[in-house]
Structure formats: C-alpha cells, structure tokens
Amino acid sequence: MTDDGPRSGLYAVSSALLAMSRHLEVRDVLKTIVASARELLDAEYAALGVPDDHGGFAQFVVDGVSDEQWKAIGPLPRQHGILAAMLHEPRPQRLADVRNDPRFEGYPAAHPDMSDFLGLPIRDGEETIGALFLANKRRTTDANGERIPCPDGTCGFTEADENLLGILAQHAAIALTNARLYERSRELTIAEERSRLAHELHDAVSQKLFSLRLTAQAATALVDRDPSRAKSELQQVAGLAAEAADELRAAVVELRPAALDEDGLVATLRTQSQVLDRAHAAHVTFECGGVRALPASQEEAMLRVAQEALHNALRHADAEHVELALNKRGPGAVLRITDDGIGFEPRAVRRAGRHLGLVSMRDRASGVGGRLTVESEPGKGTTIEMEVPGG
C-alpha cells in the first residue's frame, strides 16, 4: 500500500469501516473484515476465526487463498499455537517469521508458505469473539509483482500497521456484534411468522373441515329420500376438500425454509410463484431480467416482502392475476408485485390500524438499506415495489 500521508490513510480506514457497516449477515461481515484488513495493510494473506466452545472454530474466513487451495488444506484449524495465543491473550502478535516462533506447529501440505505475521484478538468487552491475522506484507515486490522476503528476518509489518489493525479490530467487534444481534432478531421474526402461519393454517383448514363434515352428514341423510340432492351435497364435499388441500399446500409453501443459499433469490421466487399458481384460482406469473446475486440479507428481505405481498393479493384482494417481477436497477434490484384485485386506500388502512403487513414490509426494506413504495386504489388493484442497493 502506498503511503500518501494521513489523508490517504484516513480515506483507506474510512472505506474499510463503511464496507463493514453495509452488511448485516455474520458471514458477510466476516468476509468484509478480512478483505478490508488485507487491503488496508497490503498483505498477501488474511484470515479471521470465530471460536466455538470445543477447541475449534465455528467459522473461519480467509482472503488471498483460492477455493481450490482452501479445499486442499483440509479441515478447519484447531485453537493451538499462534491461534490459541490470539484467542487467549489480549495483546497483538507481531512476528518477523512465524515459522521461527516456538509456538509454531507447522502447516498442512497444501497450506501457502507464510513468514512475517501480524495477529490480534477481536474483543467485545472482556470476551474474545474472534482472531484476526495477516501474513506476508507486500512491502517489496520484484518485476513480476512477486513478493520478496524481508531481509535479515525483519518483519514486514510495522508498529503503525499494528495500531491500524487495532483500530480496525475495534470496529470489527462492533460490526460483528451488530450482525449477531441482527441474526438473532431475524430468527425471532421468523419464529413469529411461523406462529402466525400456524394459526392461519389452523383457522382456515379447521373451517373448511367443519363445513365438509356438516355437508357430508347432510348428504348421508339425503341418500335414501333425495338422491339428487345427496349427489349435489357430495359434489360440495369434493369442492370443500379441494379448498382445504389448497389452503394446506399454500401454507406449507410459506412455512418451508427458503433455499436461498442453494438456489438463490431468482430460482426461489420462480418456484414459489409456480406453486402458488397451481394452488390458487388466481393466475400467478414471475419474470426476471438481469439480476445477479445480491447480499444475503437483501435477498432474504426481498423474499419475505414478496411472500407477504403475494399472501395479501391471493387471500384478501380477490385478484385474478398477480404479477411478480424482479429486475436489475443500477448495482441493485427492484421487486414489483402487482395484482388486479379490489385494492384499498392506503391512508384509510393506516388510520384504521389495518396494515396488511405494510409496516413489516417497510421495516424489512429499510433494514437492508432499501425502500418500499405502495400504490393502490379501491377497485384498481395494488402495486408494491421494493428496491435494494445491492452489494
């Protein structure tokens, strides 16, 4: 990293801190911390480990190592040697050559060779919540850009680097703690949603089954004295059974965890739209244009908003057509859910205290740096649009 004075250093630190603050998912925060530290101190390698309670690491993120190298290295490291020192001692570890340290226990066969080393714990009060370390300062390179080892075993990392990494670690602790709190809050929100859906499923299906039982009893009583009416009642039984199955199927779709990690937002929205189209009388369509992967928190927020809007359109709006569209907008994306249902007056809904999930949807959008707009009018359907900024 070139040194253009305090202004350049301040800009670099500011950029790193802003990058950390943009993410809410723990995994995203860890990756950003590691990448920011490596770039800020111009190191060849960087890593961050979050300890578990069993002598290992719950999470371990690296930067500067290819996916192929990482797979070849093998299982996550244990808390021993230098890693243990960073987790159990509050002071930084700055070494001219980690391989000469008595605590060094060797590298796995596929592990890249590291010499000069800088590491320190990430602490939240008295608790050590992670260990951050850098290796191989890129202070000197040859004509091909390859790093030249420090002469005479001197460490490439300076005291100024140590202080800078200390500042970054303090803010990393805040970012990581906030991300953990966010994930806990999200888990509670998901639990509340599941509870709501469970009550909804119980109420809807119970009503259908109650009606089905009464209609079946009426048909039984009419079989001998009025076969024609009995046949009509039995046809109604079949219809009620189909409606109960539709209610069950739709609720199960909402309760099922979204496979965002495996399938991504686009595939998940497409699948849910197809299932809802089959389960409801309304025609549900989905189209997508040019959207790439978004940060995990933004994808989940978009999915939840889509589910809430679809729920309103299919259960309350009496819509015949529901259109779901996801399109690229700048570095981010915009999600639009449009229905031709009965619509409503947004201001009247707010005054009456009936939000149709609008408060929850707005909170989800703002929680990931996005915005939500709602357009509706009695008799003219509803359009809900959510925009997110991307990564």
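**Reading a five-strand sheet**

Tutor: Helix α10 (residues 358-367) lies across β9 and β10, at about 145 degrees to β9. This model is predicted: local features need pLDDT of at least 70, side-chain atom pairs count only at pLDDT 80 or more, and totals for chains, interfaces and linings use all residues. Residues are numbered from 1 along each chain as its sequence is written, and side-chain values use heavy atoms, without hydrogens and water.

Student: What makes α10 a helix and β9 a strand?

Tutor: Both are DSSP runs, numbered from the N terminus: H or I over at least four residues for a helix, E over at least two for a strand. Helix α10 covers residues 358-367, so it meets the helix cut-off.

Student: How do you know that β9 and β10 pair?

Tutor: Pairing needs at least two bridges found by DSSP between the strands. β9 and β10 (residues 382-388) have six, in the antiparallel sense, so they count as paired. L372 has M386 in β10 as its bridge partner.

Student: What is the order of the strands in the open sheet?

Tutor: The order is β6-β7-β8-β10-β9, with mixed pairing.

Student: Why is one side of β6 and of β9 left without a neighbour in the sheet?

Tutor: β6 (283-289) and β9 (371-376) stand at the edges, so each has a single partner strand.

Student: Which element has the lowest mean pLDDT, and which the highest?

Tutor: pLDDT is the predictor's confidence in each residue, from 0 to 100. Helix α9 (residues 346-352) is lowest at 58, strand β8 (residues 332-339) highest at 95. Where pLDDT is low, the predicted coordinates should not be read in detail.

Conventions
Contact = heavy atoms within 4.5 Å. Axes fitted to C-alpha atoms, helices over the stretch in contact; angles between N-to-C directions.
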